[in-house]
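Thanks for coming. I will go through one protein chain, taking a few side chains and then a cavity. Please keep the picture open while I talk.

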Amino acid sequence: MKQRFTVQYILLVLVQLLLCNYFRFTPYVMLSILPVLVLCIPTRVGTVAGLFIAFFTGLSVDFLAEGVVGINTFALVPVALLRRGLIRLVFGEELLLRGENFSMKKFGPLKVLFVIFLVQTVFLLLYIWADGGAVRPFSFNLWRYLASVLAGTLLSVAVADILSPDDRR
């Protein structure tokens, strides 16, 4: 299972690279599946290891796609820092104590959608601020956040379903 997750994680980082390089339809929508990738790191992986994974994931996307080195890393590392706390808040302490992973089958789509919305929000607020949010009009930043969080959350639900374990396998 560990190897399957690693392969899926790397393939989905490649999907993020494609999103960054080829799917820029408008300046208002910034699609990112990176927050859900970090969220779906198995719970047996501790916070420090999660921080390193997020750091190197963000840095690789920065170097290979964004052009602004550090912007994804800056926004993704806090998501990794908050990952276990958000899982504890939404899914409960028992999930972490057992070392289990969350899935839509176990907890339902509303809880998964909520936690994905939270990590997308953290990521996008930091990303938009680092991407010149302080010098752009508030209305532009607000519309960019709203459009990006809606599109990113919907896309991330599908990614979480791919990365979440299926008990029937």
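Arg144 is buried, because its relative accessibility is 3% and the limit for buried is under 20%. You will find Arg144 in helix H8, residues 138-163. This is a predicted model, so treat what I say as a description of a prediction.

What does Arg144 touch, if we leave out residues up to four places away in sequence? The list is Pro27, Tyr28, Met30, Tyr127, Ile128, Asp131 and Arg136. Keep two of those names in mind, Met30 and Tyr127.

Both of them return with Asn72. Asn72 sits in helix H4, which covers residues 71-91. Its relative accessibility is 0%, so Asn72 counts as buried too. With residues up to four places away in sequence left out, Asn72 touches Met30, Leu34, Gly58, Val61, Asp62, Glu66, Phe123 and Tyr127. So Met30 and Tyr127 are in contact with Arg144 and also with Asn72, by the 4.5 Å contact limit.

Now the aromatic rings. How many aromatic pairs does a search of the whole structure find? It finds 7. One of them is Phe5 with Tyr9, a tilted pair with 5.8 Å from centre to centre and 40° between the planes. Phe5 and Tyr9 both belong to helix H1, residues 2-22, and they are 4 residues apart, which is about one turn of the helix. Are these two buried or exposed? Phe5 is buried because its relative accessibility is 13%, and Tyr9 is buried because its value is 9%.

Phe123 and Tyr127 make another aromatic pair, this one stacked, at 5.8 Å centre to centre and with 25° between the planes. The pair counts as stacked because the planes are under 30 degrees apart. Here again the spacing is 4 residues, about one turn, within helix H7, residues 109-133. Phe123 has a relative accessible area of 0%, so it is buried. Tyr127 is buried as well, because its relative accessibility is 1%.

There is also a ring cluster, in which ring pairs link Phe91, Phe102 and Phe107.

Let us stay with H7 for a moment. Its buried residues are Val112, Val115, Ile116, Leu118, Val119, Gln120, Thr121, Phe123, Leu124, Tyr127, Ile128 and Gly133. What do the buried residues of H7 pack against? The answer is H2, helix H3 (47-66), H4, H6 and H8. The contacts of Tyr127 fit that picture, with Asn72 in H4 and Arg144 in H8.

Next, empty space. The count is 2 cavities of 30 Å³ or more. I will describe the second largest, which holds about 50 Å³ of space. Its lining is Leu19, Cys20, Phe23, Arg24, Val29, Met30 and Leu31. Sorted by type, the lining has 6 nonpolar residues, no polar ones and 1 charged. Met30 appears in this lining, and you have already met it among the contacts of Arg144 and Asn72.

Last, confidence. The chain averages a pLDDT of 88, and 96% of the residues score at least 70. Where is confidence lowest, and where is it highest? The lowest is helix H6, residues 104-107, with a mean of 81, and the highest is helix H2, residues 34-39, at 94.

That is the end of my part.

Conventions
Residues numbered from 1 in each chain as written. Predicted model: local features only at pLDDT ≥ 70, side-chain atom pairs only at ≥ 80, totals over all residues. Heavy atoms only, no water. Phe/Tyr/Trp six-rings, centres within 6.5 Å; stacked < 30°, edge-to-face > 60°. Helix = DSSP H or I, 4+ residues; strand = E, 2+ residues; numbered from the N terminus. Buried < 20%, exposed > 50% of the residue type's maximum accessible area, 1.4 Å probe, protein only. 1 Å grid on protein atoms, 1.4 Å probe; cavity = no way out; pocket = protein on both sides within 12 Å on 5 of 7 lines; lining within 4 Å. Points joined across faces, edges and corners; volume = space filled by probe spheres on them. Nonpolar A, V, L, I, M, F, W, Y, C, P; charged D, E, K, R; others polar. pLDDT = per-residue confidence, 0-100.
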